[in-house]
Amino acid sequence: MSLNREDYLLVIWEFLESFGSITEKEIADRLKISPPTAHEYLQKLTESKLIIKNRGDIKFTPEGHEQASALVRMHRISEVFAYRFLEIPWEDTHASVMELEHLFKGERGDKLFKNLGYPSTCPHGNPTDPLKPEQEMAVAFAPEDRYILKRISFEEKNLLKALAAYSCLPGTEVDLIKDGTNLILSTENGEIRIPENLSLSVRLSRIP
Ligand SMILES: [Zn+2]
């Protein structure tokens, strides 16, 4: 698969939304490319004034942010399509739509959104309106209590697979247990350990 600007913008969004920062190495790892390739492409994005690099730190320009949010929206809508109509497993939809989402643009994208019934989130709970402010807490910061699993913003396959194995999808009630550095979501089906490096991206909401 050849990567293009959209893939880079999407990954940058994903990291900034989930963890608040992103480095070249993280981009290279996530896209399974070499760090020099990532470096070269990020240089192009800087020249196109879509991102700003300040030492190791990467941020969007307003133009980059606008383009990325439109891509994120279509990515999430495409995931709903893949999950519901192509029966792609929950943990695989993120990767599977990396190609699909490029086909749904403009009017086509709007029609898909309408015919899916205007889904408010992707299958992983992430809002199809990426600019909508969320009422939520990251597992990393939430005190021990009972919550609703709201979303997994960094869609890492192994974690998604572990959650799916216990039917722990967004909307599920979970008990958050913190045992030292062990972060556990306890459900009626069993306990899932959340890796510390992903604990910022697993978001919980209060039970209404
Ligand atoms: Zn998703």
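Where is histidine 124 found? The exercises below start there.

This is a predicted model, in which local features need pLDDT of at least 70, side-chain atom pairs count only at pLDDT 80 or more, and totals for chains, interfaces and linings use all residues. Residues are numbered from 1 along each chain as its sequence is written.

**Exercise 1. Place histidine 124 and describe its surroundings.**

Step 1. Histidine 124 sits in the loop between H6 and S3. Helices (H or I, at least four residues) and strands (E, at least two) are DSSP runs, numbered from the N terminus.

Step 2. Apply the burial rule. A residue is buried if 20 or more other C-beta atoms lie within 10 Å of its own, exposed if 12 or fewer, and partly exposed in between; C-beta atoms are placed from the backbone. Histidine 124 has 22 C-beta neighbours inside 10 Å, so histidine 124 counts as buried.

Step 3. List the contacts. Two residues are in contact if their C-beta atoms, placed from the backbone, lie within 7 Å. Leaving aside neighbours within four places in sequence, histidine 124 meets Arg151, Ile152, Glu155, Leu160 and Pro170.

Step 4. Compare sequence with space. Histidine 124 and leucine 149 are 25 residues apart in sequence, and their C-alpha atoms are 9.9 Å apart.

**Exercise 2. Is leucine 116 buried, exposed or partly exposed, and what does leucine 116 touch?**

Step 1. Leucine 116 is in the loop between helix H6 (106-115) and strand S3 (137-138).

Step 2. Leucine 116 has 15 C-beta neighbours inside 10 Å, so leucine 116 counts as partly exposed.

Step 3. Leucine 116 is in contact with Ile77, Val80 and Phe81, leaving aside neighbours within four places in sequence.

Step 4. Take two C-alpha distances. Arginine 84 and leucine 116 are 32 residues apart along the chain and 9.1 Å apart in space. Leucine 116 and aspartate 179 are 63 residues apart in sequence and 41 Å apart in space.

Step 5. Add the partner, arginine 84. Arginine 84 lies in helix H4. Arginine 84 has 14 other C-beta atoms within 10 Å, so arginine 84 is partly exposed.

**Exercise 3. How do H1 and H4 cross?**

Step 1. The axes of helix H1 (residues 5-19) and helix H4 (residues 62-85) come within 9 Å and cross at roughly 90°. Axes are lines fitted to C-alpha atoms, for helices over the stretch in contact, and angles run from 0 to 180 degrees between N-to-C directions.

Step 2. Name the angle. Under 35 degrees is roughly parallel, over 145 roughly antiparallel, 65 to 115 roughly perpendicular, and the rest oblique. H1 and H4 are therefore roughly perpendicular to each other.

Step 3. Find the residues. From H1 come Glu6, Leu9, Leu10, Ile12 and Trp13, and they meet Gly64, Gln67, Ala68, Leu71, Val72 and His75 in H4.

Step 4. Sort these residues. The contact of H1 with H4 has seven nonpolar, three polar and one charged. Here Ala, Val, Leu, Ile, Met, Phe, Trp, Tyr, Cys and Pro count as nonpolar, Asp, Glu, Lys and Arg as charged, and the others, Gly among them, as polar.

Step 5. Check the length of H4. The expected span of a helix is 1.5 Å times one less than its number of residues. The 24 residues of H4 should therefore span 34 Å; the end C-alpha atoms are 35 Å apart, which agrees.

**Exercise 4. Which residues have the most contacts inside the largest nonpolar core?**

Step 1. A nonpolar core is a set of buried Ala, Val, Leu, Ile, Met, Phe, Trp, Tyr and Cys residues joined through C-beta atoms within 7 Å.

Step 2. The largest has 27 residues, and those with the most contacts inside are Tyr8, Leu9, Leu10, Ile12 and Ala68. H1, helix H3 (35-47) and H4 are the elements that give two or more residues to this core. H4 gives the most, with nine residues.

Step 3. A second, separate core has 18 residues, including Tyr147, Ile152, Leu185 and Ile194.

**Exercise 5. Why does glutamate 87 count as exposed?**

Step 1. Glutamate 87 is in the loop between H4 and helix H5 (93-100).

Step 2. Glutamate 87 has 7 other C-beta atoms within 10 Å, so glutamate 87 is exposed.

Step 3. Look at the backbone. Glutamate 87 has a positive phi, near 55°, and is not glycine. Most residues other than glycine have a negative phi.
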